[in-house]
Number of protein chains: 2
Amino acid sequence: MVKIVRFHQFGDADVLQLDELPLAEPGKGEVRLKVDAIGLNRAEIMFRQGAYLEEPDSFPSTLGYEAAGVIEAVGEGVTEFKPGDRVSTIPSFSMKNYGVYGESAIVPVFAVAKYPAKLSPQEGTAIWMQYITAYGALIEYGRVKSGDFVLITAASSSVGSAAIQITKAQGATAIATTRGTSKKQMLLDNGADHVIVTNDEDLPTRVMEITNGQGANIIFAPVAGSFIETLAKAAARGATIFEYGALSMETTPFPLFPALQKGLKVQGYTLFEVAGDPVKLEKAKQYIYDGLESGKLAPIIDRSFPLEQIAEAHRYMESNQQNGKIIVTVT
Amino acid sequence: MVKIVRFHQFGDADVLQLDELPLAEPGKGEVRLKVDAIGLNRAEIMFRQGAYLEEPDSFPSTLGYEAAGVIEAVGEGVTEFKPGDRVSTIPSFSMKNYGVYGESAIVPVFAVAKYPAKLSPQEGTAIWMQYITAYGALIEYGRVKSGDFVLITAASSSVGSAAIQITKAQGATAIATTRGTSKKQMLLDNGADHVIVTNDEDLPTRVMEITNGQGANIIFAPVAGSFIETLAKAAARGATIFEYGALSMETTPFPLFPALQKGLKVQGYTLFEVAGDPVKLEKAKQYIYDGLESGKLAPIIDRSFPLEQIAEAHRYMESNQQNGKIIVTVT
């Protein structure tokens, strides 16, 4: 028997429970991992709440996109990996079909990749969601280059820290925003060139100062809602605002007049556009491997919880205190 | 003395009045036209109402972007044109500084271009706004190509008819929408491959039928407001919705969930992005000259009014009965 995290109804973190289940066998095109570490994401909180892009077909439901572990068994037709391989999972599947929270996880082989030997399992499970998400917006679509100004909101999240690192790796200027002063030094330590404390400073004014009146070329923002109007004021002519998440339940306005005046684009984006496209994914993986190798990319681990404290770990993420990735260590 | 249309306050069409003014001399970099015909645009109605992207610095204010005429006088430094040249104006200036409604107009030389000899002045004043607007979105940014499905709303406007013609010239499929049945045949005659009557038919359902479930790749829409939610449902994966005007006073929502699920872009766009960039404008002009020459582009003139009926002409545009360009013939 193995412990698997499931929820039997939508709700707050307390709906997560550890169920003892028989060890499952991988089917065709699948592998089974003995899980060492799990990376937590906002997506799982929203999925648990019934507020995500997709919902479970039925209850109880598993959940979780990211785990690092060792392959224990492979299903029919799997030749890319063998038992004993140290891998982590790429969020290129639907949580309706697979979930990695637990001591053991079945995942499709296309969602499995080796991670660099120098990384621990905690680091290995902290790379794909954050770097593919930031890479897709900033590189695949945004083509960030030297001289660009990239405005990164919610910059202390794991994806935010990845966006700072990718911006710096491209030779561009990273402007991070945070609500209060408590995370300012942390964001500078993470590599941000400038940090705007939005409770104390006017965001568009500060961006215009930093960019000599030009504005930000790329804006990378998970929080939808009316804040987009403020972001549009800070945008340069022809800028793109990437909305990569839906953390606000508010209606998100389209900033029509600044968009017409400055030719702005607002682009909805999730990492599935890259993770679900084999050609784009291969380019992304190579970029991420190269960056991890050179040290320009290095995942920031905030804190680790044991599997038994999965609900506590979710509550901690919801409290927004973290800097970087929240991990659950299984073994 | 010459008759010039001016308004002395914001308001409905009745604020437009014909003022008798002394003939003005062109300044440095300017030319003076003896105006033969004027092309009307929504932008001028909004400018008159005080609801446009910019407002007059003071009253009385002139207005108008498009006129065809004959050059009468050139200012200092103008070598590109000489008196007697038959030209029309490109909306690449600010209405705060220039307006062409009248018997005579001063315009900057960069906003003047010859029009093909085979076109009448009424046709010559009906080409730049509509074709540059449609060209910029569909070609410069959208890169419409054979096999694409282009959804064109407000398709019976002059810009709408230009978008249908450019879509067809590129070998793509033009899907036009109209509210009632009265304009359906007209839009088919204008070249639309499909016409969706939105009062009677469900737009996303019809678009999915026409596109075999794929959706529209490019959506070209002047009317902002909540209609964008419907358009987003009709969009293909990775589609761009161009919002090229602000005809609705409603708040425009950003269609967040479909945008995240399908990677949609909503792009604010005005022709000034092309008209204000000499390199882009030159490419646009060449595309339009070639299209007019081959006959793939041919302006549709709805109706002509005399200058004395300028207020009537504005009211007619506001009534939305037209198919194509509304003209004022001066001489």
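Visitor: How many residues does each chain bring to the contact?

Guide: The contact takes 23 residues from chain A and 23 residues from chain B. Keep in mind that this is a predicted model.

Visitor: Which element gives the largest share of the side of chain A that touches chain B?

Guide: That would be α8(A), with 5 residues. Both α8 (256–262) and β13 (265–268) of chain A supply at least two residues each to that side. Sorted by class, the side of chain A that touches chain B has 13 nonpolar, 7 polar and 3 charged residues.

Visitor: What does β13(A) pair with, and in which sense?

Guide: Look across to strand β13 of chain B, residues 265–268: the two strands pair in the antiparallel sense, over 3 bridges. To find one spot by eye, start at A:Gln267, whose bridge partner in β13(B) is B:Lys265.

Visitor: How do I read the way the two copies are related?

Guide: Here's the general idea: two copies of a chain are related by a rotation about an axis and a shift along it. In this model, a turn of 180 degrees and a shift of 0.0 Å along the axis lay chain A on chain B, with an RMSD of 0.0 Å. The two copies are therefore related as by a two-fold rotation axis. The same surface serves both copies, too, as 100% of the contact residues of chain A recur in chain B.

Visitor: Now the inside. Which residues touch the most other members of the largest nonpolar core?

Guide: That core has 206 residues, and the ones to pick out are A:Val150, A:Ala216, B:Val150 and B:Ala216. Take A:Ala216: leaving aside its neighbours within four places in sequence, its contacts include A:Phe149, A:Val150, A:Leu151, A:Ile175 and A:Val207. A:Thr211 and A:Ala239 are also among them.

Visitor: What about helix α4 of chain A: how many of its residues are buried?

Guide: The count is 10 of the 12, so α4(A) is largely enclosed by the rest of the structure. The buried ones include A:Ser158, A:Val159, A:Ile164 and A:Thr167.

Visitor: Which elements do those buried residues pack against?

Guide: In chain A, they pack against α3 (128–141), β8 (149–152), β9 (173–178), β11 (216–221) and β15 (325–329).

Visitor: How far does α4 of chain A reach, and what follows it?

Guide: This helix covers residues 158–169 and reaches 17 Å from its first C-alpha to its last, close to the 16 Å expected at 1.5 Å a residue. After α4(A) comes A:Gly171, with a positive phi near 80 degrees.

Key
Residues are numbered from 1 along each chain as its sequence is written. Chains are lettered from A and ligands numbered from 1 in the order in which they are written. This is a predicted model: local features need pLDDT of at least 70, side-chain atom pairs count only at pLDDT 80 or more; totals for chains, interfaces and linings use all residues. Copies are superposed by least squares on the C-alpha atoms of residues with pLDDT of at least 70 in both. Two residues are in contact if their C-beta atoms, placed from the backbone, lie within 7 Å. A nonpolar core is a set of buried Ala, Val, Leu, Ile, Met, Phe, Trp, Tyr and Cys residues joined through C-beta atoms within 7 Å. A residue is buried if 20 or more other C-beta atoms lie within 10 Å of its own, exposed if 12 or fewer, and partly exposed in between; C-beta atoms are placed from the backbone. Helices (H or I, at least four residues) and strands (E, at least two) are DSSP runs, numbered from the N terminus. The expected span of a helix is 1.5 Å times one less than its number of residues. Ala, Val, Leu, Ile, Met, Phe, Trp, Tyr, Cys and Pro count as nonpolar, Asp, Glu, Lys and Arg as charged, and the others, Gly among them, as polar. Two strands pair if DSSP finds at least two bridges between them.
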